[in-house]
Amino acid sequence: SDIVAHPFVASTVHEILGPDAVAMIIASDTPYPGSSFQSIHQDFHRYGLTVNIPLVDFTDRNGPIEIWPKTHRPYGPAGFGEFTKADVLHDKDAIKRINEREKSMRVLMPAGSILIRDQRLVHRG
């Protein structure tokens, strides 16, 4: 109840996805001192949510999650389109263009915070 079924997380997820939402994957990204950033990627191309709960403070010094805002939307010559629940798959070339053209942001937050994001969002740890 403190993590997987945290009342705030469960109520928020159910509000967005509906009462039948389930946790499909429970994992921990655990970088060690001296490790480098992941390459930018999407977790999945289908609509769904990912919940990140840092076990330590996310600071500029320890490699916090970095996101590219709006990248859960379709990408074209004019930029990002409107929100949709449809699949949004950015192939390797699109991800390269996103990395070159779009501004990212590092999500800094204290341990125990909760980040709920679209699983289609381009990011790296």
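Q: What kind of sheet do the strands E5, E2 and E7 form, and in which order do they stand?
A: In this predicted model, 3 strands make up an open sheet in the order E5-E2-E7, with antiparallel pairing. Strand E5 (105–106) and strand E7 (123–124) each have a single partner strand and stand at the edges, so one side of each is left without a neighbour in the sheet.

Q: What makes E2 and E5 a pair of strands?
A: Two strands pair if at least two bridges are found between them, and strand E2 (residues 66–67) is joined to E5 over 2 bridges in the antiparallel sense, so the criterion is met. Within this pairing, Glu 66 has Arg 106 in E5 as its bridge partner.

Q: How do you know that E1 and strand E6 pair?
A: The requirement is at least two bridges, and 4 bridges join E1 to strand E6 (residues 115–118), the two running antiparallel. Thr 50 stands opposite Arg 117 in E6; Thr 50 also belongs, with Asn 52, to the covered face of E1, whereas Leu 49 and Val 51 make up the uncovered one.

Q: Why is the pair of Tyr 47 and Phe 83 called edge-to-face?
A: Ring centres must lie within 6.5 Å, and planes over 60 degrees apart count as edge-to-face; the centres of Tyr 47 and Phe 83 are 5.8 Å apart and their planes stand at 75°, so the pair is edge-to-face. The pair links distant parts of the chain, with Tyr 47 in the loop between H1 and E1 and Phe 83 in the loop between strand E4 (79–80) and helix H2 (92–101), 36 residues apart.

Q: Why is the pair of Tyr 75 and Phe 80 called tilted?
A: Stacked planes are under 30 degrees apart and edge-to-face planes over 60, the rest being tilted; the planes of Tyr 75 and Phe 80 are at 40°, with the ring centres 4.5 Å apart, so this pair is tilted.

Q: Why does Tyr 47 count as partly exposed, and Phe 80 as buried?
A: Buried means under 20% relative accessible area and exposed over 50%, with partly exposed in between. Tyr 47, at 23%, therefore counts as partly exposed, and so does Phe 83 at 40%, whereas Phe 80, with 19%, is buried.

Q: Why is Met 24 called exposed?
A: The cut-off for exposed is over 50%, and Met 24 has a relative accessible area of 72%, so Met 24 is exposed. Met 24 is found in the loop between helix H1 (7–17) and strand E1 (49–52), and with Val 22, Ile 25 and Phe 44 forms a nonpolar surface patch of about 460 Å² of accessible area together.

Methods: Residues are numbered from 1 along each chain as its sequence is written. This is a predicted model: local features need pLDDT of at least 70, side-chain atom pairs count only at pLDDT 80 or more; totals for chains, interfaces and linings use all residues. Side-chain values use heavy atoms; hydrogens and water are left out. Patches are made of residues with over 30% relative accessible area and no salt bridge: like charges are joined within 9 Å, nonpolar side chains (Val, Leu, Ile, Met, Phe, Trp, Tyr) within 5 Å. Accessible areas come from the Shrake-Rupley method with a 1.4 Å probe; for residues, only the protein chains shown count as cover. A salt bridge is a side-chain nitrogen of Lys or Arg within 4 Å of a carboxyl oxygen of Asp or Glu. Buried means under 20% relative accessible area, exposed over 50%, partly exposed in between (1.4 Å probe, protein chains only). Rings of Phe, Tyr and Trp (its six-membered ring) pair if their centres lie within 6.5 Å; planes under 30 degrees apart count as stacked, over 60 as edge-to-face and the rest as tilted.
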